[in-house]
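Work through these short exercises on charged side chains. Try each task before you read its solution.

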Amino acid sequence: MKKVFALVDCNNFYVSCERLFRPELIGCPVVVLSNNDGCIIARSNEAKELGIAMGTPFFKIQSLIKRHKIKVFSSNYALYGDLSNRVMDILQKWEPEVEIYSIDEAFMTLPPSRVCSLTEYAQQLKNRVLQCVGIPVSVGIASTKTLAKIANRIAKKNGYYKGVFDLTDNENIDTALQATRVEDVWGIGRRYAQKLNNHGIYDALQLKGVNDKWVRKHLTISGLRTVMELRGISCIVSDNSQSHRKSIVSSRSFGREVSSSADLKEAISSYASIAAQKLRSQKLAAGFIHVFLTTNQFRGDQPQYSKSMMVSLPQPSSYTPTIIKSALHGLDQIYKDGYHYKKAGVMLTGISSGKHKQLSLFGSAIKESNCLMNAVDYINSKWGRNTMQSASAGFAKPWSMQQSFKSPSYTTSWQELPLVKAS
């Protein structure tokens, strides 16, 4: 029997997370800012209606924010990540075949036999997520993932469908495709959309009817898969493989420019600790550490400098002290005094399974304490990140990311739990 896919997408996810613990914000315009409170990366429907575009620099809309009393939040990734995990957990308990596509989206394979219609089934799932997590979602249903994306877009934008739209065996499927611009089709980027427009192709229905040979020539095999999916032929396979990542990056732009070696060492130690924890969470080990730092390229009034260095580990490791020590060694080699640095970070490569480490032929095995790291990870997962940390990462962290409007980490920090006061 032909597979049926559902795309479950959290509505205005970052905004919904902020509203979850502040219900008085429902109905009010809300925006969420990027790192260092730079640009708008999430908007409530009310904020969208005011004409605030995605990516708008925060400083450009100060007067609009004051005039319409728009609520502003810095990105709270600890909160968003935890609530995302809760949503995905509900989906995985609901159906066995779930592919997490992003922090707020997941594809599900729906069962061929049900006691109710697909729309009713999806409504039950939607209500379940709202009841258990408090995050509103929209569900698009179709015979392919690309069509499910289009169905989800319709479900989200048209209130008549109450957050669920089914495109399987829908007699109006061509009408839906005709109403979808090619730039809004999953897999068609801005460059391909411009190329299609230049050839008189403006909507998904026109794209569906394009000759295969032409598509393969101008949009490659990836574009041909997209066209086949628009025709109802599923050819984008699920990516549920257990192959490990090729690299892990941990970096941030500083809240203020950094010039001292001491501040940079704290930042690199902190980023190395985060990367090492990510390795352990996936039972991996890294053989190489790339350390990099750069000045602010947009400051034409200052001298510019950018440098990176790769440090090879004696043997693959996920042991935080080892990774920090190697990262700091790399920093010492590339740091230059007299510059104002805007960003630094580490990238781990040469990643392999932590269970099977390749040892050096001539070197001796390095003794590392897995028990110690497991204990540290457990404490930090229970009591919040940096409950236990390396002293080299510092405590005040004056270089850390600017978050002037950050909400509490309601679900991941005991110190920031909401308090109920008796009247």
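**Exercise 1.** Find the partner of Asp89 in a salt bridge, and classify both residues by exposure.

Step 1. Asp89 pairs with Lys93; their closest N and O atoms are 3.2 Å apart. A salt bridge needs a side-chain nitrogen of Lys or Arg within 4 Å of a carboxyl oxygen of Asp or Glu.

Step 2. The model is predicted: local features need pLDDT of at least 70, side-chain atom pairs count only at pLDDT 80 or more, and totals for chains, interfaces and linings use all residues. Residues are numbered from 1 along each chain as its sequence is written, and side-chain values use heavy atoms, leaving out hydrogens and water.

Step 3. Both residues sit in helix H4 (residues 77-94), 4 residues apart, so about one helical turn separates them. Helices here are DSSP runs (H or I, at least four residues), numbered from the N terminus.

Step 4. Asp89 has a relative accessible area of 32%, so Asp89 is partly exposed. Lys93 is exposed, at 66%. The cut-offs: buried is under 20%, exposed is over 50%, partly exposed lies in between (1.4 Å probe, protein chains only).

**Exercise 2.** Is Asp263, the partner of Arg256, buried or exposed?

Step 1. Arg256 and Asp263 form a salt bridge, with closest N and O atoms 3.4 Å apart.

Step 2. Asp263 is buried, at 16% relative accessibility. Arg256 is partly exposed, at 37%.

**Exercise 3.** Which residues share a network of salt bridges with Arg181?

Step 1. Arg181 meets Asp184 at 3.1 Å, N to O.

Step 2. The network links Arg153, Arg181, Glu183 and Asp184.

Conventions:
Helix = DSSP H or I, 4+ residues; strand = E, 2+ residues; numbered from the N terminus.
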